[in-house]
Structures are given as C-alpha cells and as structure tokens.
Amino acid sequence: MNNNQKALIKATIPILQSSGEVLTDYFYKRMFEYNPELKSVFNMGNQANGKQKHALAGAILAYAEHIDNPSVLINVLKGIGNKHVSLNIQAEDYAIVGGHLIASIQEVLGDVATPELVDAWTVAYNELAEIMIGIEAEFYLKNTEKTGAWNGWRNFTIKEIVSESDEIKSFYLYPTDGKEIATYIAGQYLSVQVFVEQLGLLQPRQYSLSSAFHPNYYRISVKKETALETQPEGMVSNTLHQMKEDDTVNVSAPAGNFSLQSIDAPIVLISGGVGVTPLLSMLETNQKANKNKTVWIHGCRNSSVHAFKEVIDTMEEESDWLETFLFNEDIEQNVESGVIEGRVDLKKCKEAILLENARYYLCGPAPFIKAHYESLVGFNVDKSNIFYEEFGPQSVSLN
Ligand SMILES: Cc1cc2nc3c(=O)[nH]c(=O)nc-3n(C[C@H](O)[C@H](O)[C@H](O)COP(=O)(O)OP(=O)(O)OC[C@H]3O[C@@H](n4cnc5c(N)ncnc54)[C@H](O)[C@@H]3O)c2cc1C
Ligand code: HEM
C-alpha cells in the first residue's frame, strides 16, 4: 500500500469512529441477503443483539488507526484467527466478505467514497485478509500435526449430562467415531454446532472446556440463557439444555489464546457466573500437575446458581495450595458462613491475591472483566500478567 492510500485510510478514521456500526450493520444485512448460506456460519444471536457489528466496527477502526504498522495488532488478529478457525472459515471466504465490505463502503458513504478511497480500502482489506489467511493457515496446519486433532466439524455424542446448578448443565462429549481426540491447554474453547428449530438453521457457539484434559471426552458446561423483559431466550443454550444423552452435536477442535501459562508462578482466578468454566479447567490442570499456589475469587447471584461449589470446596479442604473467596449478591438465601455479601470486590481480598509474580485470569461479563482488570492495575499488577476471556465477540480491549 502506498503512502497516498495510507493517508486516505487514515482520513476515514473520524467516519469510522462516528458511524462504524452503521457501516457494519449495513454490511451484514447485505451479505446475508446475497449469501444467505452464511447465516449458518455466523452467530445469529450476536447479529440480533448487535455485538458482532460492534466487534467488526472496532476491528476495522483499529486497523485504520494502525495502518502504518498493523503488526502491533498481531495478538488481536490471532484471537480473531482462533475464532475463525474454530468456525472453519476458509481462505476463499475472504473474497466474499471483502466484496460485501467494499460494496458497503461505496453504498454507505455515497459521494465520499471516491474511486481513490475505494481503491485504498480494497488494497487495505486484501493486505489484512492476507495476514489473517496466513495466521489461520498456521492454526489449521497445527491441527493436522497434532494427534487426535481435526479441521472443520466432527460428530460427538453426548454420553452424560450433569446438572451443576439451577441454570448450568455439563455435557460430556465423546467422539462418535470412537477415535482419539486432541489435547488442549486449560482455558481453551470448542465451537459446538446444533440445529436451531426456530431459525431452521445450524448455529455455532463457543463453549470453554470446563475440566482438565481427559483422553476420552470433552466436557463443556452451559448456562441456559433465559428470556428477560427485553431479550429473547438464548437459542443454542436452550437447544442444548433440551438435548438428551445419546444425542449428537458437531464440534470443532479446541482453540483460543486464553490459556494457563505453564510456569511455576502463583495463579489468581477471578470468575463471575458461568465464567467459572475455563478457570475450573485451569484449576483441575494445576491440581494434576504443578499445584502452584492458587487463589480463586468467584462471584454469583446466590447459592442456587453456584456451579461446581462442592468440587472446589473439596479441593480446598484437601489441599494446602488453594484458597477461595466467594461473593454472593443475594446473601439471604445463604445459610453458610464465609460468603461475602455483594459483588466481587478485590479490595476485600487484596492481601491474598497480591502474590509475587502471580498470573491473573479473569472470566465473566465485559463490565466484570473491565472493573477487575482496572482494580488489579490499580494494585500495580503488571498488565502483561493479566489475561481475560469474554464470552462473546470482543468488546473490551485492555492489554
Ligand atoms: C470463547 C467463549 C467461551 C464461552 N464459554 C462458555 C461457557 O463455558 N459456558 C456458557 O454457558 N457460555 C459460554 N460462552 C457463551 C456461548 O458461546 C453463547 O454465547 C451462550 O451460550 C448464549 O448463546 P445462545 O445461543 O443461547 O444465545 P443467543 O441466542 O446467541 O443470544 C445471546 C444473547 O443475545 C440476546 N438477544 C438475542 N436477540 C436479541 C435481540 N433482538 N435484542 C436484544 N438481545 C437479544 C439473548 O437474549 C441472549 O442474552 C462462551 C463464549 C465464548 C466466545
Ligand atoms: C479481514 C477480514 C475479517 C475481519 C477483520 C474479521 C473480523 C472479525 C472479528 C473482529 C470478529 C469477532 C471476534 C471475537 O469473537 O472477538 C470476527 C468473528 C467472526 N468472523 Fe470474521 N473477520 C474477517 C473475515 C471473515 C471471513 C472471511 C469470514 C467468513 C465468512 C468471517 C466470519 C466470522 C465469523 C463467523 C465470526 C464469529 C461471529 C460471532 O461469533 O458472532 N470473518 N471476525
């Protein structure tokens, strides 16, 4: 890309800042009109609640802002690449997406989209697509090199379903072909694809692996997203909650860059609600291996929605390396002592979590991650030692 083209891209930053989501909203509508088959590839829940158009607008803006040196975005791009690979996105899909994106720029910006500007964005998109395709090719290759791994979708049978709380069920997924499965790093996720009756479409969603690796099965633990006044019930979580043992689902190989560092350092796990899942996998993995000093802080509404409490309590009783803090918003329903009333407040366990060289892992809703990330930074924890996973298209960008 030449300097003139870079200047044209930078000139669009104010428009992207003010109207980026108008562009991405238009882009998705256009793409699904011309290529309706892609509705099964995308998460239609994130289309309806606006999270995906927000994430894409953020990515396009970040790219425009760093057009002189896009390599600073490499970790973000690897995160997106992980998600793409987990959804079996292929190099040839980039031309379809690129075609709709460039056409959307022309159609939304009208006269502002001069031929030079359109050319500049075409070059910029193609350069980004090339970087993404390269990142994804590496991930696909790694999958072919790893024992038991596969690319694309593979059929798994749900052999066991366990209720972990009023709203969370664990699903034990065994490969229907009976062959080996791939290992994973604690913290990673799978994509699961099911048929959603109400849409008449297959739909994928990501679910964190919620246990330490077991060679025979993958375990995921899914919260049933119930309807609220302004929100319909979640499509895939409810479909899964209605499934029975021996039903099958399609699953993609483990992916994701939120993962337990295999180093000899204390671990601090901070979870909200169903954010417990990847951290439980980390905890179990640490129990099996290093038994590094670990502090777990968990917050949830009340004891009826507190999944895995017994497992973690037992582990704490039997070990000298684990300490836990539990926060409940709705303390009336709690008969137990030791539960702290209210939402997670790291000031209340500051001494316990400020351990030399510790690594901090956060998982929960976006405001939860943001608040506790900021608290940790306020306690002078180095940003490079804080890792987080958001259960949806990335909306917080903190490191
Ligand atoms: C890396 C990763 C790991 C994850 N791990 C887990 C896990 O371990 N366990 C787990 O339970 N979940 C996990 N999730 C979340 C999971 O992928 C799904 O997002 C979740 O199950 C909800 O999917 P759904 O199909 O039930 O809801 P969807 O149908 O996708 O709806 C999502 C939300 O959007 C709302 N919505 C839909 N339409 C509208 C509308 N028109 N207006 C306003 N709001 C609307 C719904 O009410 C719902 O709250 C993870 C996500 C990611 C990205
Ligand atoms: C350079 C081009 C692209 C960019 C910048 C881009 C950007 C993004 C971003 C930012 C996300 C959200 C990641 C997250 O979960 O945090 C995402 C997810 C996704 N992308 Fe892309 N993408 C590109 C190309 C493609 C292509 C070619 C396809 C294929 C059809 C595709 C399909 C998807 C899907 C299905 C998701 C998940 C959607 C969801 O969960 O709601 N993307 N992409």
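A polar contact is here a pair of N or O atoms within 3.5 Å, and in this predicted model one such pair joins a nitrogen atom of ligand 1 to a polar backbone atom of serine 221, at 2.9 Å. Two further backbone contacts belong to the surroundings of ligand 1: an oxygen atom of the ligand is 2.6 Å from a polar backbone atom of glutamine 206, while a backbone N or O atom of serine 208 lies 3.1 Å from a nitrogen atom of the ligand. Of the 970 Å² of accessible area that ligand 1 has on its own, the protein covers 86%.

The shell that provides this cover draws two or more residues from each of α3 (44-48), β4 (201-208), β5 and α8, and β4 contributes the largest share, with four residues. There are 26 residues around ligand 1, of which Gln206, Tyr207, Pro232, Val236 and Ser237 come nearest. By residue class, the shell consists of nine nonpolar, 11 polar and six charged residues.

The loop between β5 (218-223) and α8 (235-242) holds glutamine 231. This residue counts as partly exposed because its relative accessible area is 45%, a value between the limits of 20% and 50%. Glutamine 231 and glutamate 167 stand 64 residues apart along the chain, and their C-alpha atoms are separated by 17 Å.

Ligand 2 has 20 residues around it, with Phe42, Asn46, Lys83, His84 and Gln394 coming nearest. Three of the contacts to this ligand involve side chains. An N or O atom in the side chain of lysine 83 is 2.3 Å from an oxygen atom of ligand 2, and a polar side-chain atom of asparagine 46 lies 3.1 Å from an oxygen atom of the ligand. Histidine 84, in turn, places a polar side-chain atom 2.8 Å from a nitrogen atom of ligand 2.

Helices α4 (51-65), α5 (74-86), α6 (93-109) and α7 (115-145) each supply at least two residues of the shell around ligand 2, and α4 gives the most, with four residues. The shell around ligand 2 divides into 13 nonpolar, five polar and two charged residues.

On the surface, Val22, Tyr26 and Val108 form a nonpolar patch, with about 230 Å² of accessible area together. Tyrosine 26, a member of that patch, is found in helix α2 (residues 13-34). With a relative accessible area of 33%, tyrosine 26 is partly exposed, and its value therefore passes the 30% cut-off that membership of a patch requires.

Methods: Residues are numbered from 1 along each chain as its sequence is written. Chains are lettered from A and ligands numbered from 1 in the order in which they are written. This is a predicted model: local features need pLDDT of at least 70, side-chain atom pairs count only at pLDDT 80 or more; totals for chains, interfaces and linings use all residues. Side-chain values use heavy atoms; hydrogens and water are left out. A residue is near a molecule or strand if one of its heavy atoms lies within 4 Å of it. A polar contact is a pair of N or O atoms within 3.5 Å; within protein, one must be able to donate a hydrogen and the other to accept it, and residues adjacent in sequence count only if both atoms are side-chain atoms. Ala, Val, Leu, Ile, Met, Phe, Trp, Tyr, Cys and Pro count as nonpolar, Asp, Glu, Lys and Arg as charged, and the others, Gly among them, as polar. Patches are made of residues with over 30% relative accessible area and no salt bridge: like charges are joined within 9 Å, nonpolar side chains (Val, Leu, Ile, Met, Phe, Trp, Tyr) within 5 Å. Accessible areas come from the Shrake-Rupley method with a 1.4 Å probe; for residues, only the protein chains shown count as cover. A salt bridge is a side-chain nitrogen of Lys or Arg within 4 Å of a carboxyl oxygen of Asp or Glu. Buried means under 20% relative accessible area, exposed over 50%, partly exposed in between (1.4 Å probe, protein chains only).
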